[in-house]
Each structure stands twice: as structure tokens, then as C-alpha cells.
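Thank you all for coming; I would like to walk you through one structure this morning, moving from a few charged pairs to a sheet and then to a helix. Please have the sequence and the model in view as I speak.

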Amino acid sequence: MSIVKHAPMLTLEEAANLAERLYGARGTLRPLPSERDQNFLLDAGEARYVLKIANAMEERALLVAQNEAMARAAGLRLLPQIIRSTRGEEIEEALSNGEKHFIRLIAYLDGTPMGDVKRHSSELLYDLGDKLGRLDRILQPFDAPVLHRRFHWDLAHGLEVIRANCNLLRDATLRRMVSQLTVNFEKYTLPLLSRLRTSVVYNDANDNNVLVGGGADIYSSDQTVTGFIDLGDMTHSYTVSDLAVAIAYAILNKPNPLETAANITKGYHASFPLREDEIAALWGLATLRLCMSMSIAAEQRRSQPANAYLNVSQKAIRATLPKLLTIHPRFAEAALREACGLPLSATASQVVKWLKGNAASFASILSADLRREKATAFDLSVGSPIWRGDPRGNAEPQLTRRLNVLLEESGAQIGVGQYNEARYVYAPSMEEACTIHLGVDLFAKAGASIRAPLAGKVAALTKTADITPTVILEHEIAASGKKRLKFFTLYSRLDKASLKKLKFEQRIRKGQRFAAIGSSVENGGRTPHAHVQILLDDLDLGVDFPRMAPPSQRDVWLGLCPDPNLILNIPKRIFPKRAPSKDKTFAHRRQRLGGNLSVAYRSPVKVVRGWMQYLFDEQGRKYLDAYNNVAHVGHCHPRVVEALQRQSGVLNTNTRYLHDNINKYAERLTALLPETLEVCYFTNSASEANELALRLARAYTRQKDMIVLEAAYHGNTTSLIDISPYKHDGPGGEGAPEWTHTVPIPDVFRGEFKANDPQAGAKYALYVQRAIESLRARGRGLAGYIAESLPSVGGQIVFPTGYLADVYRYIRAAGGVCIADEVQTGLGRVGSHMWGFEMQDVTPDIVVIGKPVGNGHPLAAVIARRDIAAAFDNGMEYFNTFGGNPVSCAVGLAVLDVLRDERLQQNAFRVGGRLLEGLKSFVGKYDMVADARGAGLFLGLELVSDRFALTPAASEAAFIANRMRDCGILLGTDGPYHNVVKIRPPMPFNDSNAEFLLETLEAILKEDFLRR
């Protein structure tokens, strides 16, 4: 280890003199980090080089070997190339502090160190493996005697290095973790090493030596490996060492280290196929490298305490080791084999084949023969109506009652919970939850006997009171030839009394009763059932073996735990057809639905359940919904659902008949509005409502012309497209008709008049007055003015003070009516007021509400002055068959009740204020974040690529929305330039949701796309 003491220590001036004297190269020099050598970046203007001064202990033959390796790999363009000196030499010499050092000049490779790039996409990780595999394939036939050396960074000597230096680790917890990982290596990996291929390896693909770059767009930027630098650690060792080293550093600080390793391994295997023993040893070698790094750094810090480079990875390693200790080496091997497209184990297929071939010989696990007894399969998937959104509804005795009803209706005695089913009930947090069911559940009465399907012995059983009563039986079978194989069956949710009679390694006969189904009291309040699971490998976990798996590891766990119906023999006819995968659903949608019906996000979300401010996909992943304001009081709010169900069971008919619900709802709704707004019309959608508002205005004024705002959107009917510049001036639009007159949106950030202008509102309002004057000059009248009280599609705009007051005064003076579109902002969303127009201290002539008023149910409304309604009552009947039907009005009443009783307007004011404050803190912190604005839970974050020119950063806004989706938060983008990130969650959105959103958003804002 004393080699670091002989590191060169040239000054910048001395290095510059060397470069000019030996290579005739002049330019600016700056030092580069190195463990034991000294490197300088030489910028010569048109070209850049790296001046490398080797450690005094370095052998010339070693540098010659490195040069030859670079020459061999020249075609890959992944390694730097040697620049000869003015004397034609590849290696020169110089003295420093009385010691001789070898000098080389190499071409500089463009790229950013992977360690400096915060986003490591799956494409980048795959490319890292692929490029490294290509390099190892080139190096495989190369050899040099000097590379057969004893080197402290060689994984072949890793155990010795750790044993020699582990005691230097001052942190006792860290020492224990290194010690445990070393024990795992000795147990699972060490026996494999003698069978591994050996060759010359690069041996230093850590994230500071891997360069990345490229990419034509924001998603691919810096997501391609452009080269590898620093061949100083090259040695002859295990061929798989390069992959192990790359994995070791790539998994640092990753939420799912094994998924990262699998992506890299997949790329490597594609370009340089791995052997089975190499895959088996890979995870152990990667963890060994990290333990070596901690140990070596501890020793080197003693001799060079001021060398910061020696600590470059230590903090990240310290944080990652606990995660690695939770991953069993054999599970890691299975995951890496799966990534390589190989069977998860050499014996798995043989066991499954034996089970299939002997299916008829197995005894029934229950007293009733499952092959003949009538059973029904329960749908316990994420989207199943059996589950309730409120977790309290899934506890005892409610769930058991619902399951018993299903059994009674089917005439079955046994219920079956399905294998490989994603279950919502197991997704409580925002972290990836274990939602994939790895067994089969047999629902029967508590006390029902559990029998062994085939002979075995007790391999593990629960003995402590706080663990679900579980037994694992080990079975041994004869495979091909004389080889014996073993597998396990797991039985859980058992009766505690029956377990007391069992002993470890007790022999159990085929068909023998060895346990019973436990009661709900014994099993954490669950409906009585037995969970049955097959384990091809128990991973030394005993009764702690998982019953559920995370979706990201689904295929691996299913490979280790095949379908228990191999031994249960339940007729396949009872199992319903599985729902199509997300990909199939998407493909079918594209085939059957209009192509311009957009889908959110680059990777669409298949949503199958909602609850309050959360949505769940088909695999049980939980998303925080900060996007869908339609579910105003929360997805599937139980009071709204109950009101809908109750009224649907009594009556739903059209409004030609009398019914009290519509009267009650109209009274409740108008009570929330200014007194002059007293006549209601109910529709099924906001588009219908805005269309009706337009008719009302024209009937009252007997004029047609309308004044609208730039970037406005009011609905999808033909007439509404005509008054929606966002649509008619956008792609596929035909421009405004002659009766639509557009005025600038009063945007005090991007518009002509800014937020610091106290007269901005009045100045923007003058545009409306000018439009009116232009109409008069042409002899035209005015029907009215329509605007969202806070324009949403316009970019989450908050009007400057006094704007609407002046506008409404101008409109009314011209004989027009003022329409407030409150579809996005009504019913307390802005927090400080019930309606957005109240923020401007005005009263409209007509108000339109929609979407949120029915919490997603098709309900919208127009509320107008009585004289306007009277003018509309001109002899032509107005009829909307189901607008305001009894069910819709029952839903609307429930929404108003929830809004009042749960104080959701006050919640929007408090949580929204906190959220806006957090968003505003990003404005001065990140160059791309130009403005944060909004009110309550109606917020926007505007992004620009140039703060002075206010160049819209549309692709960056979309990138953020997609990254937030990856992190479990649903957001959207809006604005005329599509560069505003919009935040409009359901109203129950709480403080912890706001904190999670802000933390996640800031983490993404720190990612590398901001440097573009």
C-alpha cells in the first residue's frame, strides 16, 4: 500500500514545462484526480490532452502493456490513444523529488464522468455493460507477463486486503457490515472462483472513470457511454472482474441496487456472453469490491490524510452496504440470470417438470379434495370491488362477510386467492410495495385441517408469538439419473396450537394432517385461510421467506416460487381470465380509439383504482395524484360513492319529471354564490355548460360576438373551439371565426405588463376596451366576455389586481354579459375564496361550473342572473335529458357536504400556501425555474431555458412531469408554450403530500438536464 507515498508532486509550472519540452505542447493545465499518479488536463486550444506522470514505483513494462491495450482497442474508440513525443517515443521520463517518473501524453476523451451525472437511466446502464463487454472481448486474447502481478485492487486478492485492513475502519457498524458481506462472499462465492475464466481486465470501471455523453434530446442526454479512462489498474484476473467493478460503483445510492446490476449485466451478456459460474460469482465479487474500497481507503488515509480522492466513494458505499445485506446472494444470482435470459437456476426446470409429471399422485391439502370440491376463485387484484378504498373496510369482520357472500352466491365451500395476482391492500406507502402474490390462498373455516401433499420433513416453523404461524416442509425428489433434488412447500396463516406439536426435521407422511387453518385473531385480523407456496430455494430465510414480491422483481420471484397449483390441482376452469397487460391495453386503445385522444406520459399509467388523493396502477403501485382536479373531494370518496349507489338503487330518470334532489341541489349551490346568481341549468359536462352559457349570453344581448383571452380553452364542442384560441390557433386549428375577438392574457410574468407594475390590471383591461371600440367602429354589437377566473390552460395565471373589475365594467357598458368559467377553480380550490372570481372582488352575470362539482360523475352547471334566464326562455324549449338527474344531484349534494364537513377549502388554503412557498424557493435556486404562481391547490411552475429571453422550456417541463411520474407523483404541463408544470390535486391533498412533492421535485431539478 506504500505506493501512494511515491506519487509524483509536480507543480503546474513544472508539468507545463514537461509538456512543452517533451511533446511541444503548450496550453492551460489543470490537475485531475488520481489515487497514486499525477494527471493534468492540457488544453491546447484546438486539441486537449492528458499529461500522465506515473508513480515512481510503476514499472515501465506495465505502461507498455497499457499502451498496447489501448492500441488493440482503438477500433472501439472507447479508450484514449497515445500521443508520441517529439522523439517518437510513447513513454518518456522525468525526475521529481529525486525520483524517476515515466511520462505519457494521451488524447483527451470527451465526456462527463458518470459519477457527475445524477440520472442513470436503464439505457445508460445497459450501454455501460455493452461497452464494457466489447472491451473485454477485445482484451481477452491479449496478455503480458507484467500484468500477472500482485495488485491490491485485484479482486482475486480481495479477501486478503479486507482481512489486513478491516480493523482500520473506525465505525463499528461499518466494520460489522463489511465483515458480514465478507462472510457471505466466503460462503457463496469463494467456492466458485477456481472455475472462472481469467484474462487481462481493465479493472477500474468506477463511475469516475466511465465517461458519458451524447443524446439528441433531453431524455438521452448524457445517457451513452463514450469511453473509459485510467488504465492504471489493469491486471490479469477474473474476466468477470470488469463487470463486477462496474456494478459495484453503479449501484451506489440506487434505490434498487439489484435492478441496476441486472441492467448492466444484461448489456454485458449481450456483447460478451457470461458463463454460468461467472453469473453466480458476480454479485459476490461486486460486494467484495466495495468492501475492498472501504478497507483500502482506511489504510491509505493513514499515509495520505489530505488526499480527498481517497474518500471519493466512501460515503456512498457506507449508505449502500445496508441495502446489499438484505439481498441474498442466490437471489441476486437468480435476478442476474433472468437478466441474461437464462433459467433462474440449473435445477428449477427439473423440479417443475417433476411436479407436472406427478400431479395426479399428490394428496389434497384440505380434507376436501380440491380436484373435485366446488371452489370459487376470488378476485383480490388491485381493481377488485372486493376491496374498499378505506383500509378500515378491509379489516375484520367486513372482508370476511363480503367473501362469505361470494361463497354463498357461488354455492362453493372453498374460496381461492390467486397466484401471481397484484393486490392493492399491500401497497400502503409511496415506496415500491410487495404487491405480487407468490402463493395460493385457500379460504375455509378456521380449524380446517392442512395435510401434506407429499412426504417431507419440517424445515422451519414459527415459534414466536409475533410472527404469522407458518410451517415449511422440505421435499426430496429423484431427478434424472441418481441425482436428488429438493424443494419446499410453505404453509402460512395456521392455527398456533397445531404448530406446538411439530418439531424441526420431524418427518411428515404424504396426506398426514400436520396443521390447521388459524382464526382471524391468530393471523393479524385476516379472513381465515391457508397461504400455500412452493419454494425452489428457501434462500436460507426460513419462515421469513416472502409471501409477496415487488413488481420490479416479479419474474424472478415467480421463477423461484412456481404456481402452487402444480400440487393443489384446482381445476383451471374456476380461474377467471386475467386482465390484459398494460401494453395490450394500450395497443387495443390505439386500435379502437381516435388517434388524437392523448395519453399522459411517455410510459402511460394503467390506472385501476383510486382513493382520495391517490391512484393505483394494475401492479398495485401507489401514485400521489397532483394532477386530477376532477376528483375534487378525493377519488372514490365513500360519502359520494354511497350517495350515488343509494340513489341509483331507487331512481334515475330525466328532468321532465318532478324530483326534490334537483331543487335541493340548486338551492345549495346558489347559496354559495352571490345573490344575483339564482337560476340554475344542469348539464352532463363542462363543455355542455359553456355551450349553454354562450347561448344564454346571445339570447340576452341578441348579439353574437365574444371577447376571449389568448390561450383560452373552454370546451370541445364546435362553438367552444371557436372561442378557444388554445385550440383554434394551435395544430389542426383553422383560426378564430370573425365573431371571436382575442385579447392578451394578463400574464404579469411573461406579458407586456409585469407584476411590479401596480397598474398592470388596468393596463391589460384596456385591451378589452379597445376590442369593444373596434367592434363599435365596424357597427357590431357584443354578446359578452368569457374567461376562466384563473386561466388554467393559459398557464395557471393569477390575474393582476383590478383586472376583472375594469373588464366587467367595460363589457357591461357595451351591453355584453360577463361569463366566469369556474370549471377548474370553483368550489374552494383557490383556498382563500369559494370561487376564483371572488379574488377579483367581482360578480359575473353567468357562472359555469363542471368537472369537480360531481367528483368525476357527469355533472356540470350554469348559474345565471334571473333576467338573463328570462331572455333565454324565448319559446324554444331547452331540454337536457340527464342533466341534473336524481343520481347526479345526489352526488352533487354529497360533494358539497364533504367540502363543508371536511373543511377542504381551508385545507386548500393552508396546504396550498405551504406548497406555493416551497415552489417559490426554487425560483432563485434553479436557473430554469422562472416563476411559481397560483392560489390554494391551483399552482404552476414556469420553466425557461433562458431567464433573460424567457425562452420556454417545454421539453424540460415534460421531462419533469415524466420523471415525477417515475417517482410516483402525477403532474401535468400546460400553458401556451407547454412549459408550465401544473399542480391541481384532489382537495384532501395534505401536508405530507406537499412535502413529498417538493422533495421529489427538487431532487429532479438537480438532475443533469438543467445543464443543457
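Let me begin with a term: a residue is called buried when its relative accessible area is under 20%, exposed when that area is over 50%, and partly exposed in between. Please keep in mind throughout that this is a predicted model.

With those cut-offs, Arg 780 counts as partly exposed, because its relative accessible area is 27%. Its partner is Asp 705, and the two side chains meet in a salt bridge with N to O at 2.9 Å. This pair links distant parts of the chain, since Asp 705 sits in the loop between α19 and β28 while Arg 780 sits in the loop between α22 and β30, 75 residues apart. Asp 705, for its part, has a relative accessibility of 5% and is therefore buried.

The neighbouring topic is the sheet. It is an open sheet of seven strands with mixed pairing, in the order β27-β33-β32-β31-β30-β28-β29. Its edge strands are β27, residues 679-683, and β29, residues 740-743, each of which pairs on one side only, and from one strand to the next the twist averages 20 degrees. Within it, strands β32 and β33 run antiparallel and are joined by four bridges, and Ile 849 has Ala 861 in β33 as its bridge partner.

Two helices lie across these strands. Helix α18, residues 660-670, lies across β27, β32 and β33 and runs at about 120 degrees to β27, whereas helix α22, residues 760-777, lies across β28, β29 and β30 and runs at about 150 degrees to β29.

A second charged pair starts from the loop between β29 and α22: Arg 750 forms a salt bridge with Glu 942, with the closest N and O atoms 2.7 Å apart. Because Glu 942 is in strand β35, the pair ties together parts that are 192 residues apart in sequence. Glu 942 is buried, as its relative accessible area is 2%.

What, finally, does Arg 963 form a salt bridge with? The partner is Glu 1007, and the closest N and O atoms are 2.6 Å apart. Arg 963 lies in helix α27 and Glu 1007 in the segment after α28, so this pair ties together parts that are 44 residues apart in sequence. Both Glu 1007 and Arg 963 are buried. The buried residues of α27 also include Phe 959, Ile 960 and Met 964, and the helix is followed by Gly 968, whose phi is positive, near 90 degrees.

Note on methods. Residues numbered from 1 in each chain as written. Predicted model: local features only at pLDDT ≥ 70, side-chain atom pairs only at ≥ 80, totals over all residues. Heavy atoms only, no water. Pairing = 2+ DSSP bridges. Axes fitted to C-alpha atoms, helices over the stretch in contact; angles between N-to-C directions. Contact = heavy atoms within 4.5 Å. Buried < 20%, exposed > 50% of the residue type's maximum accessible area, 1.4 Å probe, protein only. Salt bridge = Lys/Arg side-chain N within 4 Å of Asp/Glu carboxyl O.
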